[in-house]
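Below are some notes for a colleague who is opening this entry for the first time. Please keep the sequence and the model in view while reading.

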Amino acid sequence: MSRVYNFSAGPAVLPVEVLQEAADEMLDYRGTGMSVMEMSHRSKAFDNIIKEAEADLRKLMNIPDNYKVLFLQGGASQQFAMIPMNFMKNRKAGYILTGQWAKKAFSEAKIFGEAVELASSADKTFTYIPDCSDLPITDDMDYVYICENNTIYGTKYHTLPNTKGKLLIADQSSCFLSEPVDVTKYGMIYAGVQKNVGPAGTVIAIIREDLITDDVLPGTPTMLKYKTQADNDSLYNTPPCYGIYICGKVFKWLLKTGGLEERKKINEAKAKILYDFLDQSKMFKGTVEKESRSIMNVPFVTGDKDLDAKFVAEAKAAGFENLKGHRTVGGMRASIYNAMPTEGVVALVDFMKKFEAENTK
Ligand SMILES: *Cc1c(COP(=O)(O)O)cnc(C)c1O
């Protein structure tokens with residue numbers, strides 16, 4: 001068996017230990033004689049899985065007791081609608097536009113009310129995080145929405161916006177569990193798990209309890225009320241059982257390897273290897289302003305489309321997969337999530353050096 005270095009933006013690389021453990025338990029989960037895929041979501045075995053996953057996540061992120069943890073379905077994109085349906089009581093909210101995912105959430109919110117653009121970095125193709133120290137937030141806004149790490153453009157908020165006392169709601173899909181966060185600064189954090197935690201389809205939402213009420217927009221379907229999910233401990237209907245099981249294993253892996261403080265150090269050191277190379281290379285250039293760089297998604301270009309394509313093809317042949325940039329941006333992007341080993345980034349940089357030498361006259 002040989003595994004490639006997978007730089008996919010999502011679904012993305014998972015820890016080998018986790019995959020191996022899941023493989024070992026595939027046919028007989030701990031003496032139950034069945035796979036987790038085959039068991040009732042009301043069984044004792046699954047009840048333990050979901051409870052342990054939640055407890056481990058609470059430990060990892062230091063989630064206060066007055067926040068609910070929900071395991072939902074529908075991908076991160078379903079949250080684009082659930083958020084306004086549940087929280088846009090005044091039918092008005094502020095959005096900061098830092099890329100495709102923020103823009104999609106913004107368009108979805110417009111279905112339900114007035115979504116106001118508070119700031120945007122569209123003027124420079126989303127290569128930076130706008131200044132959010134004094135946003136035009138008004139009193140009648142229900143919340144301020146951000147996409148905290150922009151998967152496609154490779155930017156990340158290094159300071160949270162000044163929301164002037166309004167609730168902050170953050171899409172953390174591509175930076176979830178990459179470093180510690182202060183949960184109390186948010187009304188809600190959510191993440192589609194296929195970037196950093198598990199298989200696609202599962203979404204984790206962490207919501208301050210007092211925000212979860214029956215006071216939702218008229219017509220909100222039962223399944224799309226956070227209250228329904230919270231009242232039933234994410235078991236209103238059949239949850240994404242196998243996804244939750246894998247997430248639980250990743251939480252344990254993160255706890256075992258030192259938690260989020262340690263993970264942040266590893267991730268920063270890992271990203272630095274690539275950024276340091278990009279900063280001195282004559283051929284490859286990072287596309288993001290330094291102060292806004294993500295440590296999870298690193299886009300870069302050579303400035304020459306044909307050379308980009310040659311690089312992606314030769315990298316693939318050498319075992320570096322999914323380095324092609326997003327279809328809307330071009331160039332290259334290396335997603336270096338938690339489970340990408342440092343050796344993978346070192347090997348990529350060595351390969352880039354070799355490519356640069358071979359393709360420079
Ligand atoms: C991938 C991604 C999404 C979309 O996730 P789906 O599960 O495909 O809906 C949303 N936001 C961010 C930041 C993402 O990286």
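Leaving aside its neighbours within four places in sequence, which residues is Thr-238 in contact with? The points below start there; note that the model is a predicted one.

1. Thr-238. Apart from its neighbours within four places in sequence, Thr-238 is in contact with His-41 and Gln-73. Thr-238 sits in the loop between α5 and α6. Its relative accessibility is 43%, and Thr-238 therefore counts as partly exposed, being neither under 20% nor over 50%.

2. Asn-237. This residue lies in the loop between α5 (226-231) and α6 (241-256). Not counting residues up to four places away in sequence, Asn-237 touches His-41, Gln-73 and Met-223. Thus His-41 and Gln-73 appear in the contacts of Asn-237 and in those of Thr-238. Asn-237 has a relative accessibility of 29% and counts as partly exposed.

3. Annotated binding site. In an unreviewed entry, UniProt gives the feature "binding site" at Ala-76, Ser-77, Trp-101, Thr-151, Asp-171, Gln-194, Asn-237 and Thr-238. These positions are spread over 163 residues of sequence and are also spread in space, with up to 30.5 Å between C-alpha atoms. A reader who checks the annotation against the model should compare it with the residues around the ligand, given next.

4. Residues around the ligand. The shell consists of Gly-75, Ala-76, Ser-77, Phe-80, Trp-101, Cys-147, Asn-149, Thr-151, Asp-171, Ser-173, Gln-194 and Lys-195. Ala-76, Ser-77, Trp-101, Thr-151, Asp-171 and Gln-194 are in this shell and also carry the UniProt "binding site" feature. Asn-237 and Thr-238 carry that feature but are not listed in the shell. Sorted by class, the shell has four nonpolar, six polar and two charged residues. Helix α3 (residues 75-87) supplies the largest share of the shell, namely four residues.

5. Polar atoms at the ligand. How far is an oxygen atom of the ligand from an N or O atom in the side chain of Lys-195? The distance is 2.5 Å. For Gln-194, a polar side-chain atom lies 2.9 Å from an oxygen atom of the ligand. Ala-76 takes part through its backbone: one of its N or O atoms is 3.0 Å from a ligand oxygen atom. The ligand taken alone exposes 390 Å², and the protein buries 87% of that.

6. Lys-156. Is Lys-156 buried or exposed? Its relative accessibility is 8%, so Lys-156 counts as buried, the cut-off being under 20%. Lys-156 belongs to strand β7 (residues 155-156). Its side chain makes a polar contact with the side chain of Glu-179, at 2.7 Å. With residues up to four places away in sequence left out, Lys-156 touches Ile-129, Glu-148, Asn-149, Cys-175, Glu-179, Ser-292, Arg-293 and Ser-294. One of these, Asn-149, is also among the residues around the ligand.

7. Backbone details. Three places deserve a look. The peptide bond from Gly-10 to Pro-11 is cis, with omega near -15°; Pro-11 is in the loop between β1 (5-6) and α1 (16-24). Asn-62 is not a glycine, yet has a positive phi of about 55°. Asn-62 is in the loop between α2 and β2 (67-72) and counts as exposed at 63% relative accessibility. Asn-322, likewise a residue other than glycine, has a positive phi near 65°. Asn-322 is in the loop between β13 (320-321) and β14 (332-335), and its relative accessible area of 42% makes it partly exposed.

8. Asn-48. This residue is in helix α2 (residues 44-61) and is partly exposed, with a relative accessible area of 38%. How far apart in space are Asn-48 and Ser-121? From C-alpha to C-alpha they are 44 Å apart, with their positions 73 residues apart in sequence.

9. Domain annotation. UniProt, again in an unreviewed entry, assigns "domain: Aminotransferase class V" to residues 4-348. The end C-alpha atoms of residues 4-348 lie 11 Å apart. The span is 33% helix and 17% strand.

Definitions and conventions: Residues numbered from 1 in each chain as written. Predicted model: local features only at pLDDT ≥ 70, side-chain atom pairs only at ≥ 80, totals over all residues. Heavy atoms only, no water. Near = heavy atom within 4 Å. Polar contact = N/O pair within 3.5 Å; in protein donor to acceptor, adjacent residues only side chain to side chain. Areas by Shrake-Rupley, 256 points an atom, 1.4 Å probe, with all protein chains shown as cover. Helix = DSSP H or I, 4+ residues; strand = E, 2+ residues; numbered from the N terminus. Nonpolar A, V, L, I, M, F, W, Y, C, P; charged D, E, K, R; others polar. Buried < 20%, exposed > 50% of the residue type's maximum accessible area, 1.4 Å probe, protein only. Contact = heavy atoms within 4.5 Å. UniProt positions renumbered as here; feature names shortened; annotations may be inferred.
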